[in-house]
Amino acid sequence: MDRLCVYCGSRSGDNPSFVAAADSFGRLVADRGLGLVYGGGDVGLMGAVADGALDAGGEVIGVIPEALFEREVAHAGLADLHVVDSMHTRKRRMADLADGFVALPGGFGTLEELVEMLTWAQLGFHADPCGLLNVAGYYDGLVSFFDAQVEAGFVEPAHRDLLIVTDDPADLLARFEAYDPPEIERVVDESEI
Ligand code: AMP
């Protein structure tokens with residue numbers, strides 16, 4: 001693994017431990033010699049994770065749609081900022097640049113981005129690890145819901161297992177580094193859809 005893509009809130013949330021976790025996760029990623037790919041903003045947890053990685057001397061690549069350049073306050077300290085034409089291009093570019101995907105706490109945008117990477121993994125479009133850093137139990141309800149989706153017969157247990165969930169950043173990175181992707185039947189080629 002060379003670069004990790006981090007999805008996280010464009011807001012900071014109410015619990016100060018969210019910002020602290022984003023900052024220290026950025027530092028950890030850089031300390032491990034991994035590049036950070038993220039949404040390019042200087043707001044909320046996005047800004048915190050980028051600042052953490054930059055402070056620790058890491059490579060940080062931001063990818064931001066032109067339309068959000070001002071709203072999400074494109075980070076002025078990035079050596080590498082990709083300004084793209086749309087949200088779709090942003091997600092595609094972030095996925096192409098990274099070889100692992102992690103969500104820290106965030107809102108709908110964060111969820112959408114992580115779940116899209118999970119759906120691409122279950123279709124066999126990529127074989128990179130996907131994880132949730134469950135800071136302060138923020139994702140407990142979502143993880144229960146994913147398990148309920150398996151119970152209800154909507155999600156294959158093997159697909160549920162594509163998501164690594166932990167509250168420990170070092171454990172998450174260790175599991176990403178050791179990741180051995182499961183055999184996934186590729187039912188359709190990405191270029192066909
Ligand atoms: P949020 O978790 O809602 O604060 O959003 C986190 C990040 O996801 C922000 O940079 C949003 O601009 C971004 N985002 C929201 N919706 C989408 C989308 N459909 N595709 C790509 N990024 C998105």
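This report walks through the sheet, one helix, the aromatic pairs and a buried glutamate of a predicted model.

Residues are numbered from 1 along each chain as its sequence is written, and side-chain values use heavy atoms, with hydrogens and water left out. Since the model is predicted, local features need pLDDT of at least 70 and side-chain atom pairs count only at pLDDT 80 or more, while totals for chains, interfaces and linings use all residues.

**The sheet**

Let's start with the strands. Helices (H or I, at least four residues) and strands (E, at least two) are DSSP runs, numbered from the N terminus. Seven strands make an open sheet in the order β4-β3-β2-β1-β5-β6-β7, with parallel pairing; two strands pair if DSSP finds at least two bridges between them. At the edges stand β4 (80-84) and β7, each with a single partner strand, so one side of each has no neighbour in the sheet. On average, neighbouring strands are turned by 20° against each other, direction ignored; the axes here are lines fitted to C-alpha atoms, for helices over the stretch in contact, with angles running from 0 to 180 degrees between N-to-C directions.

Two of the pairings can be followed by residue. β1 and β2 (residues 35-38) share three bridges in the parallel sense, and Arg 3 stands opposite Gly 35 in β2. β6 and β7 pair in the parallel sense over four bridges, with Leu 163 in β7 as the bridge partner of Cys 130. As for cover, four of the five residues of β1 are buried (buried is under 20% relative accessible area, exposed over 50%, partly exposed in between, with a 1.4 Å probe and protein chains only).

**Aromatic pairs**

How many aromatic pairs does a search of the whole structure find? It finds three. Rings of Phe, Tyr and Trp (its six-membered ring) pair if their centres lie within 6.5 Å; planes under 30 degrees apart count as stacked, over 60 as edge-to-face and the rest as tilted. Here are two of the pairs:

| Pair | Centre to centre | Angle between planes | Type |
|---|---|---|---|
| Tyr 7 and Phe 101 | 6.5 Å | 5° | stacked |
| Tyr 138 and Tyr 139 | 4.7 Å | 70° | edge-to-face |

The Tyr 7 and Phe 101 pair links distant parts of the chain, with Tyr 7 in β1 (residues 3-7) and Phe 101 in β5 (residues 101-103), 94 residues apart. Tyr 7 is buried at 1% relative accessible area, and Phe 101 is buried at 1% as well. In the other pair, Tyr 138 is partly exposed at 38%, whereas Tyr 139 is buried at 3%. Phe 18 joins Tyr 138 and Tyr 139 in one aromatic cluster.

**Helix α7**

Which residues of α7 (residues 169-177) are buried? They are Leu 172, Leu 173 and Phe 176. Seen down the axis, the buried residues fall within an arc of 95°, so they line one face of the helix; that arc is taken from the directions from the helix axis to the C-beta atoms. They pack against β1, α1 (16-31), β5, β6 (130-133) and β7 (163-166), where contact means heavy atoms within 4.5 Å. At the start of α7, a side-chain oxygen of Asp 168 comes to within 3.0 Å of the backbone nitrogen of Ala 170.

**Glu 72**

Glu 72 sits in the loop between β3 (60-65) and β4, and at 12% relative accessibility Glu 72 counts as buried. Its side chain makes a polar contact of 3.0 Å with that of Arg 90 (a pair of N or O atoms within 3.5 Å; within protein, one must be able to donate a hydrogen and the other to accept it, and residues adjacent in sequence count only if both atoms are side-chain atoms). Beyond neighbours within four places in sequence, the contacts of Glu 72 include Ser 10, Asp 42, Met 46 and Ile 64.
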